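Dear colleague,

I am handing over the structure we talked about, so that you can turn it on your screen while you read. Please look through it once by yourself before going on to my notes.

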Amino acid sequence: MGEALKEAQKAYEIGEVPVGAIIVVKNKIIARAHNLTQRLNDVTAHAEMQAVTSASNYLNGKYLKDCSIYITLEPCVMCAGALFWSKIDRIIYSACDLKRGYSQVANLLHPKTKVERGEFEKESSDLLKKFFKNTRK
């Protein structure tokens, strides 16, 4: 999760909502990503979406079987849908998203996907609060 937090920090430094994600298979990081919605002018350029694309390219396949994604913020509905279709084995996230998190709507994940709360909840939350405090002045 520490590596995902480093990605969130990169997003923060370039003026993006500070969310980071990494995808791991067999204890090897195969994808690193952070939000790029502002830079790419693309509402779908969330960290999870970027990571899924990168991991799929790395594996040369659309399914992320035997993979885990570590995310600094609970996935939104769009990202949960993409993770559903990717058939990722495990999702670990730090901070809950009480406004836009997928769990606020329904369980949109594949029935075989395991979900866990990870470390660095405070650090992830604090970085997000700092970002929004600075952007809403």
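Below is what was found, going from the whole chain to single residues.

Please keep in mind throughout that this is a predicted model. The protein contains five helices and five strands, and along the sequence these follow one another in the pattern α-β-β-α-α-β-α-β-β-α. Its C-alpha atoms fill a box of roughly 45 × 30 × 25 Å along the principal axes. For 137 residues, a compact globule would have a radius of gyration near 14 Å, and the value for this protein, 14 Å, agrees with that. Of the 137 residues, 46% count as buried, and among contacts with a separation of 6 or more, 55% join residues that lie 24 or more positions apart.

The sheet is a good place to start. As general background, the strands of a sheet pair through backbone hydrogen bonds, and they do so either parallel or antiparallel. Here five strands form an open sheet in the order 2-1-3-4-5, with mixed pairing. Strand 2 and strand 5 (114-117) stand at its edges with a single partner strand each, so one side of each of them has no neighbour in the sheet. On average, and ignoring direction, neighbouring strands are turned by 15 degrees against each other.

If you follow the pairings one by one, you will find that strand 1 and strand 2 are antiparallel and share six bridges, one example being Ile22, whose bridge partner in strand 2 is Arg32. These two strands form a hairpin with two residues between them, and Lys26 in the turn has a positive phi of about 50 degrees. Strand 1 also pairs with strand 3 in the antiparallel sense, over five bridges, and there Ala21 stands opposite Ile71. Strand 3 and strand 4, by contrast, run parallel and are joined by five bridges, with Ile69 opposite Ile91 in strand 4.

Is strand 1 enclosed or open to the outside? Six of its six residues are buried, so strand 1 is largely enclosed by the rest of the structure. Both of its faces are covered, since the buried residues are Gly20, Ile22 and Val24 on one side and Ala21, Ile23 and Val25 on the other.

Helices lie across this sheet. Helix 3 crosses strand 1, strand 2 and strand 3, and runs at about 145 degrees to strand 2, whereas helix 5 (residues 121-135) lies across strand 3, strand 4 and strand 5, at about 60 degrees to strand 4.

Helix 4 (residues 77-86) deserves a separate look, and its buried residues are Cys79, Ala80, Leu83 and Ser86. Seen down the axis of helix 4, these residues fall within an arc of 120 degrees, so they line one face of the helix. They pack against helix 3 (47-59), strand 3 (67-73) and strand 4 (90-95). Just after helix 4 comes Lys87, which takes a positive phi of about 60 degrees.

Which residues have the most contacts inside the largest nonpolar core? This core has 25 residues, and those with the most contacts inside it are Ile23, Ile69, Ile71, Leu83, Ile88 and Ile91. The elements that give two or more residues to it are strand 1, strand 2, helix 3, strand 3, helix 4 and strand 4. There is also a second, separate core of six residues, which includes Met1, Ile22, Val24 and Ile92. To see how one residue is surrounded, select Ile69: leaving aside residues up to four places away in sequence, its contacts include Ala21, Ile23, Ala51, Leu83, Ile88 and Ile91.

The last residue to look at is Tyr93, which is found in strand 4. With a relative accessible area of 7%, Tyr93 is buried, because residues under 20% are counted as such. Apart from residues up to four places away in sequence, Tyr93 touches Met1, Ile71, Leu73, Glu74, Pro75, Val115, Glu116, Arg117 and Gly118. Tyr93 and Glu119 are 26 residues apart along the chain, yet their C-alpha atoms are separated by 7.9 Å.

With best wishes for your reading

Notes. Residues numbered from 1 in each chain as written. Predicted model: local features only at pLDDT ≥ 70, side-chain atom pairs only at ≥ 80, totals over all residues. Heavy atoms only, no water. Buried < 20%, exposed > 50% of the residue type's maximum accessible area, 1.4 Å probe, protein only. Helix = DSSP H or I, 4+ residues; strand = E, 2+ residues; numbered from the N terminus. Arc of directions from axis to C-beta. Contact = heavy atoms within 4.5 Å. Core = buried A, V, L, I, M, F, W, Y, C linked by side-chain atoms within 4.5 Å. Pairing = 2+ DSSP bridges. Axes fitted to C-alpha atoms, helices over the stretch in contact; angles between N-to-C directions. Rg over C-alpha atoms; globule rule 2.2 N^0.38 Å.
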